[in-house]
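The following exercises concern helix packing and sheet topology. Please inspect the model before reading the solutions.

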Amino acid sequence: MTEAGYTAESLAGKLGLHPKTVARWANPGHIPQSRHRATVAELLERDVDALWPDIVKRREPVWFRPWVDIEREATTLRAFQLAWVPGLLQTEAYARATLTGGTLTAEAMDELTDARLGRQAILHRERSPLLVAVLDEGVLRRRVGGSRALMAAQLGHLLACAELPNVQLHVVPADAPSYPGLDGPFVIADLPEGARVAHVDGPAQAQILDKPSDLVNLERRWERIRGEALPRGRTLGLLREAAASWT
């Protein structure tokens, strides 16, 4: 920015963003969202791959990259999962097992596993987002992969993650009545300037939603799901019991 004659404030003015957002781009692990990169590169008279060489090395699927960018900028992530442990909380063995059984080559599986684990760095950086994750109890009881030890290790990892100051973990117990989470998983992300977007999985492809009407509906669903979930203490007790059941 300095070489091109910009400050964070002046560049932010060109982009219509808050100066704090632009200033963060100078820190490791923070890059502009995809919709801003080309404009920033043009203003700074640099190539995108010269400014952010890690983008060229990215291994996650192209369709998923916009959401990864959102994760990096989010201040809060609220995630509900019905079938899997969220990717941000998976062990390597569990992540790899979720990819097994398809048509992926060994090389592609390695790249996707590495990409998923690489996303977890946001939980351990200095300014990490608050992750509030709610899981259906079926996630803890359903075996993924061929080894019971894999599940025991994954649930042990969940317990360790639950001790992080920026992670809140809750479980909807199996004896809960029918609840809105049965419609499917989703994540709501709060961004620094107050914007809010959501990621919703589907049978064919995932969607990123930012329409107010869609977000209001997801917010309502989230609150009803949280209402069925166990508080932290009881969740940790259930996690310990479930982990022990796999040994």
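Two exercises with worked solutions follow, and the model they refer to is predicted.

**Exercise 1.** Determine how helices H7 and H8 are oriented to each other, and which residues make the contact.

*Solution.*
Step 1. H7 spans residues 92-99, and its buried residues are Tyr-94, Ala-95, Ala-97, Thr-98 and Leu-99. Among the elements covering these residues are helix H8 (106-119), helix H9 (138-141) and helix H10 (148-162).
Step 2. The axes of H7 and H8 lie 10 Å apart and form an angle of about 135°. Angles over 145 degrees count as roughly antiparallel and those of 65 to 115 as roughly perpendicular; H7 and H8 are therefore oblique to each other. Their crossing is right-handed.
Step 3. H7 contributes Glu-92, Ala-95, Arg-96, Thr-98 and Leu-99 to the contact, while H8 contributes Met-109, Asp-110, Leu-112, Thr-113, Arg-116 and Leu-117. By class, the contact residues of H7 with H8 comprise 5 nonpolar, 2 polar and 4 charged.

**Exercise 2.** Establish the strand order of the open sheet of 6 strands and identify the strands at the edges.

*Solution.*
Step 1. The order is E3-E2-E1-E4-E5-E6, and the pairing is mixed.
Step 2. Strand E3 (167-172) and strand E6 (207-209) each have a single partner strand, so one side of each lacks a neighbour in the sheet; these are the edges. From one strand to the next, the twist averages 15°.
Step 3. Strands E1 (76-81) and E2 (130-136) pair in the parallel sense over 6 bridges, and Leu-77 stands opposite Leu-131 in E2.
Step 4. Helix H11 (212-228) packs on the sheet, touching E1, E2, E3, E4, E5 and E6, and its direction makes about 110° with that of E4.

Note on methods
Residues numbered from 1 in each chain as written. Predicted model: local features only at pLDDT ≥ 70, side-chain atom pairs only at ≥ 80, totals over all residues. Heavy atoms only, no water. Buried < 20%, exposed > 50% of the residue type's maximum accessible area, 1.4 Å probe, protein only. Helix = DSSP H or I, 4+ residues; strand = E, 2+ residues; numbered from the N terminus. Contact = heavy atoms within 4.5 Å. Axes fitted to C-alpha atoms, helices over the stretch in contact; angles between N-to-C directions. Parallel < 35°, antiparallel > 145°, perpendicular 65-115°, else oblique. Left-handed = near helix turned anticlockwise from the far one by under 90°. Nonpolar A, V, L, I, M, F, W, Y, C, P; charged D, E, K, R; others polar. Pairing = 2+ DSSP bridges.
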